[in-house]
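User: Can you walk me through a sheet in this model? I want the strand order and who pairs with whom.
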Amino acid sequence: MFGDVVEAPDGSKVTLVDVGSTRLVDNDVVRVWDVTLPPDGTHPWHLHHNPYVVLSVAGSSGRMDWLDGSEPRHVSEYSGGAVFRPISPIHRLTNTGGTRYRNRLVELKDLGENRPGGVVVDVGPGARSVQGETPDLPVPGDGRVPVIGTEYVRVWTVDVAPGETARLTLDPIGHVLAELDAELEGEDLAASVQFYDGGTHEIPNDTDRARTYFVVALDYLTTHGKDHA
């Protein structure tokens, strides 16, 4: 957790940072962060207390180093892709690509910190989208394109043409909507991520450019939400 001081194998002291750069949403169900790394930039040592979803808005390659000295893990993400991850040991992430890396990281509190006694749900190895491959998910009739599907979360993207409005029919569970735009900053960035309880939702696009959104269905809430703890 932010500010905690831990000891590395060599005896040095390490102060942990937050899991993201900028907090965008924080409610009883989710905490959503913006994570931005320039080429060769590093997000310092941190620890995840909740399983989480990574929504990639500017892809790059990266290296995860582990504080315990385990072999580094090399990863690659692409814009429009998504990753569902369990908790993992203390690590840091370095952008090894030649371009800026950016994501929206969605912490799933009811699988972690909201659990009785803080016992995190074992979500298995998680899931990672593969560019060019479409997962075997039901395709809603509202324009959504599947990205990943697990028993805990499903992720789609939806495009909204200039001057048009997307009308989504969401299942009656919590959803996170996040705009896929790597250039957003300030108030526009803060407004680009929203939490909804389901039902019909409209996304208007009054600009002269196409806009794309991630749609994340929090399916685990039906079995691991507060009422099922």
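Analyst: What follows covers one sheet and its strand pairs. This is a predicted model, where local features need pLDDT of at least 70, side-chain atom pairs count only at pLDDT 80 or more, and totals for chains, interfaces and linings use all residues. Residues are numbered from 1 along each chain as its sequence is written, and side-chain values use heavy atoms, with hydrogens and water left out.

User: What is the strand order in the open sheet of four strands?
Analyst: The order is 5-10-7-8, with antiparallel pairing. Strands are DSSP runs of E, at least two residues, numbered from the N terminus. Two strands pair if DSSP finds at least two bridges between them.

User: Which are the edge strands?
Analyst: Strand 5 (42-46) and strand 8 (73-77). Each pairs on one side only.

User: How many bridges join strand 7 to strand 8?
Analyst: Five, and the two strands run antiparallel. Strand 7 covers residues 60-66. Its R63 stands opposite H74 in strand 8.

User: And what is the bridge partner of R63 in strand 10?
Analyst: T94. Strands 7 and 10 pair over five bridges, in the antiparallel sense.

User: How many bridges join strand 5 to strand 10?
Analyst: Three, again antiparallel. There, H43 stands opposite L93 in strand 10.

User: New topic. Why is strand 10 largely enclosed?
Analyst: Four of its five residues (91-95) are buried, so strand 10 is largely enclosed by the rest of the structure. Buried means under 20% relative accessible area, with a 1.4 Å probe and protein chains only.

Definitions and conventions:
Buried < 20%, exposed > 50% of the residue type's maximum accessible area, 1.4 Å probe, protein only.
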